[in-house]
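Got the viewer open? Let's take a walk through this structure, one selection after another.

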Amino acid sequence: MPTDSFAPPTTGGQDLIKDGSDASFAADVIAESSKQPVLVDFWASWCGPCRQLTPALEKAVRAAGGKVKLVKIDVDKNPAYAGQLRVQSIPTVYAFVDGQPVDGFMGAVPDSQLQAFIGKLTGGAGGPPPEIEQLLELGAESLKLNDLGGAAQAYAHILQIEPGHPKAVAGLARVYLADGDADQALQTLAMADPTSNDPDIAAVRAQLALQGDAGGGDDDAADLEARIARDADDHQARFDLAGKLAAKGRLEQAADHLLEIVARDREWNDQAARKQLLTVFEAAGLNSDVARNGRRRLSSILFA
């Protein structure tokens, strides 16, 4: 079996987190769980996923502010209770309440799942800590006001607290997009879990796709607007203008032009306008005003 010097860090202070053993299990877990829930983290020094889970688990326990404790058990040195609880693989976490295991999970899981797990045990909502919520609001408001520096600081602060936080990653990527740096926005998205289905991550990916699709050749927006003024049925000019507007984040105006194309000729270019419109909705956020109003207008056009 491979050896490794890894050992989960310990913490003092409120004694919320400690290293346990088979000998101390009755006192550390059974007795303590009559006062508040106790999580038992079964790990081993050779376990790769333990390296991911244990620090995240410690952070979540500290964020709970004393409502839950954590006891870490090295199964190689302390096999008795791991055997009694039929631990099949590690890391495995059990939650004890009033001396009994009441819940658990195996493997490294996302921070959001840890928060929800602890929230269920403690009666809380299991959402992000208040500090992160406040920073997310600050970042969004700063971005809305085009204060890119302030938004970047807020999102970067969150990522120091919780690396890979999907909404902070998406927010920081939006900052780079607003600053015209699509390459850096794409690199920032790589900080998030590649399997993440967070709607904010999906929205930024959609906005990047719109930037890649921005058409119009060498024509600038003014040229395209002039073409449309001369011929309202110049769908290619209107489509290209919508692409340029979307690439700059002016999603409501982009949606207006695409809806106009659908209203005039829904089948134009193999329904290109309708398809691009769906990407605009995703980039704006599927519950945004742009998406809600756009879907309603699209339905009126299609089913009129």
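Before the first stop, a word on angles: an axis here is a line fitted to the C-alpha atoms of a helix over the stretch in contact, and the angle between two axes runs from 0 to 180 degrees, taken between N-to-C directions. Two packed helices are described by that angle together with the distance between the axes. Keep in mind as you go that this is a predicted model.

**Stop 1: helix 2 and helix 4**

Select residues 48-63, which are helix 2, and residues 111-122, which are helix 4. At what angle do these two pack? It is about 45 degrees, and their axes sit 10 Å apart. Angles under 35 degrees count as roughly parallel, while 65 to 115 is roughly perpendicular. Helix 2 and helix 4 are therefore oblique to each other. Turn the view until one helix lies in front of the other: helix 2 passes helix 4 in a right-handed crossing.

Now show the side chains where they touch. From helix 2, pick L53, A56, L57, K59, A60 and V61. Their partners in helix 4 are D111, L114 and I118. Colour this contact by residue class and you get 7 nonpolar residues, 2 charged ones and no polar ones.

**Stop 2: the disulfide**

Stay in this part of the chain and select C47 and C50. These two cysteines form a disulfide, with their sulfur atoms 2.3 Å apart. How many disulfides does a search of the whole structure find? Just 1. Look along the S-S bond of C47 and C50: the angle about it is 90 degrees, and the link is right-handed. Are C47 and C50 buried or exposed? Both are buried.

**Stop 3: P37 and its company**

Next, go to P37. You'll find P37 in the loop between helix 1 (25-31) and strand 2 (38-43). Anything under 20% relative accessible area counts as buried. P37 has 12%, so this proline is buried.

What surrounds P37? Setting aside its neighbours within four places in sequence, P37 is in contact with K67, V68, K69, F96, V97 and L121. Try drawing a distance from P37 to one of them, K67: the two are 30 residues apart along the chain, yet their C-alpha atoms are separated by 7.2 Å.

**Stop 4: a loop with two things to see**

Select the stretch between helix 3 (79-84) and strand 4 (92-97), the loop that holds P91. Zoom in on the peptide bond from I90 to P91: this bond is cis, with omega near 0 degrees.

R86 lies in this loop too, between helix 3 and strand 4. What is there to notice about the backbone of R86? Its phi is positive, about 55 degrees, although R86 is not a glycine. Switch on a surface and look for R86: its relative accessible area is 68%, so R86 is exposed.

**Stop 5: N146 and P163**

Move along to N146, in the loop between helix 5 (130-144) and helix 6 (148-161). N146 is another residue other than glycine with a positive phi, here near 65 degrees. With a relative accessible area of 56%, N146 is exposed.

On the far side of helix 6 in the numbering, select P163, in the loop between helix 6 and helix 7 (166-178). P163 has 60% relative accessibility and therefore counts as exposed. For a distance to draw, pick D76 as well: D76 and P163 are 87 residues apart along the chain, and their C-alpha atoms are separated by 30 Å.

**Stop 6: helix 12 and helix 13**

For the last stop, select residues 251-264 for helix 12 and residues 268-284 for helix 13. They pack at about 155 degrees, with axes 9 Å apart. That angle makes helix 12 roughly antiparallel to helix 13. The crossing here is left-handed.

Show the side chains again. Helix 12 brings L251, A255, L258, L259, I261 and V262 to the contact, and helix 13 brings W268, A273, R274, Q276, L277, V280, A283 and A284. By class, the contact has 12 nonpolar residues, 1 polar and 1 charged.

Before you leave, click on E260, which lies in helix 12. Its relative accessible area is 29%, so E260 is partly exposed. A232 is 28 residues from E260 in sequence, and the two are 9.5 Å apart in space, C-alpha to C-alpha.

Conventions. Residues are numbered from 1 along each chain as its sequence is written. This is a predicted model: local features need pLDDT of at least 70, side-chain atom pairs count only at pLDDT 80 or more; totals for chains, interfaces and linings use all residues. Side-chain values use heavy atoms; hydrogens and water are left out. Helices (H or I, at least four residues) and strands (E, at least two) are DSSP runs, numbered from the N terminus. Angles under 35 degrees count as roughly parallel, over 145 as roughly antiparallel, 65 to 115 as roughly perpendicular and the rest as oblique. A crossing is left-handed if the near helix is turned anticlockwise from the far one by less than a right angle, and right-handed if clockwise. Contact means heavy atoms within 4.5 Å. Ala, Val, Leu, Ile, Met, Phe, Trp, Tyr, Cys and Pro count as nonpolar, Asp, Glu, Lys and Arg as charged, and the others, Gly among them, as polar. A disulfide is a pair of cysteine sulfur atoms within 2.5 Å. Buried means under 20% relative accessible area, exposed over 50%, partly exposed in between (1.4 Å probe, protein chains only).
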